[in-house]
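Below are my comments on the model you sent, as numbered points. Please read them with the coordinates open.

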Amino acid sequence: MEERRGNNKGEMNMWVKKEEESTVDWRGRPSNPNKHGGMKAAAFVLGLQAFEIMAIAAVGNNLITYVINEMHISLSNSANIVTNFVGTIFLLALLGGYLSDSYLGCFWTMLIFGFVELSGFILLSVQAHLPQLKPPKCNMVIDGDHCIKAKGFKALIFFVALYLVALGSGCVKPNMIAHGADQFNIQNNPSHSKKLSTYFNAAYFAFSIGELIALTILVWIQTHAGMDVGFGLSAAAMAMGLISVVSGTLYYRNKPPQGRIFTPIAQVFVAAILKRKQICPSNSNPQMVNGNQNRIPNSSASASHMHSESGNVLHTQRFRFLDKACIKVQDGSNTKESPWRLCTVTQVEQVKILISVIPIFACTIVFNTILAQLQTFSVQQGSAMDTQLTKSFHIPPASLQSIPYIMLIFIVPLYEKFFVPFARKLTGHESGISPLHRIGLGLFLATFSMIAAALMEKKRRDSATDSGKIISIFWITPQFLIFGLSEMLTAVGLIEFFYKQSLKGMQAFFTAITYCSYSFGFYLSSVLVSLVNKITSSSSKGGWLSDNDLNKDRLDHFYWLLAVLSFLNFLNYLFWARWHSRNSSTPGTAQNEAVEEGLSHYSLMKLSKDVGDENIP
């Protein structure tokens, strides 16, 4: 009996170490938990996070000024160029996530596309420096109708450089988050679950530091030394980020690519359609369900934990029609069914997770439409205000966006140090509050950001048109402060939610999905601007956003529209968050519960077998 118990313990230890064996070091050997991973390894990735966002933020947040003043494009078209550029970055995150999980792995994807992004920054700097690559100088405010717009080869160079940056940044972003999170083995080390939550907050802290430096120092240099120097500094920052991530090579635990990640998903839909006339088996008949049930058997007929050869998942009752994809056809023959006709429980549950997170993802699109306004129209608001801080110092309008990050570099550490431990005692959740609660609170606050923006813009416009008075730029502070706090809650909550939902081999792609929310939000902003202009331009007073002069436009009306959309979006989110909570286990704990309960069932059944054997004469 003792020998059997020793064998059982050895088998369980081998099973528990499966996750660790699936990660490798830089030479492709199994990673060592004592040498690889942890916060030390993640710190090098945080370095890339800070420098990359520093580089891209310095370009993106002041890009509208460059496009108007140097490329001579109108305000509304310039706003669309910026939002389309940013939207493309986040849409290309899907490509980065797919390439990483399927073929390259996070590290090599970051490295390859990091150099693509660097080349884009260098080309932008060259284009901004050479007069031959820009239209003749002209003041768009005074002589806007007579300024020559950038066309032909000049426009081509600009857009090639811009979208090299977009391609590189889009593919790097999801892999920074995923590779840093991969350094924590939450399956086998319970303490790493709390450290993973700390890492997500640290990642946002690094993001805030990078944004703050970009929006103050780099934007100030762009304003006073020229955009060519500013773009050059963005290239230097990106180079520093690549040096940082390469420096941690010896410490990383790398998850190898899994092959074509979309194929197993497609197989589930095909198999479910082909077997649509089959009847879903009850839990009392697990023999009809495809998956290796021998490693961790069910403890009872009603147990819903199912184990497949690909890993442990918590079987759910949602989207039961997909369960037909893993029904074994009992035809009396031993013929093995095609993977396009018979799938595993893990495959089915992975598809269920993909479907179930779509509503949560969709609810953050309007939130990112609001973010788009702070990077476009709010910058132009600042340009129409008194930017003088002292007799000799003026605040660059693009630096207005640094306001929330000045606050956040203090709030994020305080949130992690004090709020999370306090909330953890009340809720028992390793993150203090669940990602879904965090997202909801952020979406609620976003509405007040637009209300503050609408009230301030009305005050600014009335002062300028009625009395000719230009109010101080500090009046614009509340909308940035409120949205900064909102973004900290929503962005980190969304990334944590998606990363913990993902199953083996899809962490980078799931993280990339969160960035698509930014993409769709910025594209929606472009659509809203064009739609509002089209609808309102028929009035005698002209469109809300049809003029290059904010004193003639009605930006405050546009902000009120966004406030209403934001509140309706929050109500919509409440519905879907409750639906998700009712139809699934707590995010991030389902897999751990399956592992722990499975081990318990395994031990009890083996022990029962041992006792039974001893009672046999």
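1. Glutamate 457 has a relative accessible area of 0%, so it is buried. Its partner in this predicted model is arginine 460, and the salt bridge between the two has its closest N and O atoms 2.9 Å apart. Arginine 460 is at 1% relative accessibility and therefore also counts as buried, the limit being under 20%. Both residues sit in helix H17, which covers residues 435–467; because they are three residues apart there, about one helical turn separates them.

2. Helix H17 holds another pair, aspartate 462 and lysine 458, placed four residues apart, or about one turn of the helix. Their side chains form a salt bridge with an N to O distance of 2.8 Å. Aspartate 462 has a relative accessible area of 26%, which makes it partly exposed. Lysine 458, at 41% relative accessibility, is likewise classed as partly exposed. When inspecting H17, note the burial of each pair: glutamate 457 is buried, whereas lysine 458 is partly exposed.

3. Side chains of opposite charge can pair when their charged atoms come close. How many salt bridges does a search of the whole structure find? The count is nine. One of them joins glutamate 349 to lysine 352, with 3.1 Å between the closest N and O atoms. These two residues belong to helix H13 (residues 345–362) and are three residues apart, so they are separated by about one helical turn. Glutamate 349 and lysine 352 are both buried.

4. The pair in H13 does not stand alone: a network of salt bridges links Arg320, Asp323, Glu349 and Lys352. Phenylalanine 319 may be checked at the same time. It has a positive phi near 50°, and it is a residue other than glycine. Phenylalanine 319 is located in the loop between strand S2 (311–314) and H13.

5. Helix H10 runs over residues 191–225, which is 35 residues. Does its length agree or disagree with the expected span? At 1.5 Å a residue the span should be 51 Å, and the C-alpha atoms at the two ends are 49 Å apart, so the values agree. The helix nevertheless has a kink of about 30°, centred on alanine 214. Directly after H10 comes glycine 226, where phi is positive at about 110°.

6. On the other side of H10 in sequence, glutamine 183 is in the loop that lies between helix H9 (152–181) and H10. Is this loop residue buried or exposed? Glutamine 183 is buried, because its relative accessible area is 0%. Setting aside residues up to four places away in sequence, glutamine 183 touches Gly37, Gly38, Ala41, Ala42, His192, Tyr251, Tyr252 and Arg253.

7. Phenylalanine 85 is part of helix H5 (residues 75–91). A relative accessible area of 1% makes phenylalanine 85 buried. Beyond its neighbours within four places in sequence, phenylalanine 85 is in contact with residues including Ile56, Gly60 and Leu63, and its contacts also include Leu162, Tyr163, Val165 and Ala166. The C-alpha atom of phenylalanine 85 is 9.1 Å from that of serine 519, although the two residues are 434 residues apart along the chain.

8. Which residues make the nonpolar surface patch of about 430 Å²? They are Val564, Phe567, Leu568, Leu571 and Leu574. Valine 564 is placed in helix H20 (residues 555–583). At 48% relative accessibility, valine 564 is classed as partly exposed.

9. Some totals for the protein chain complete the note. The chain contains 21 helices and two strands. It has 617 residues, of which 56% count as buried. Among contacts with a separation of 6 or more, 82% are between residues 24 or more positions apart. The exposed area of the chain is about 26600 Å², with 64% supplied by carbon and sulfur atoms.

Key
Residues numbered from 1 in each chain as written. Predicted model: local features only at pLDDT ≥ 70, side-chain atom pairs only at ≥ 80, totals over all residues. Heavy atoms only, no water. Buried < 20%, exposed > 50% of the residue type's maximum accessible area, 1.4 Å probe, protein only. Contact = heavy atoms within 4.5 Å. Expected span 1.5 Å × (residues − 1). Bend = angle between axes of the 7 residues up to and from the residue. Patch = residues over 30% accessible without salt bridge, like charges linked within 9 Å, V, L, I, M, F, W, Y side chains within 5 Å. Areas by Shrake-Rupley, 256 points an atom, 1.4 Å probe, with all protein chains shown as cover. Salt bridge = Lys/Arg side-chain N within 4 Å of Asp/Glu carboxyl O.
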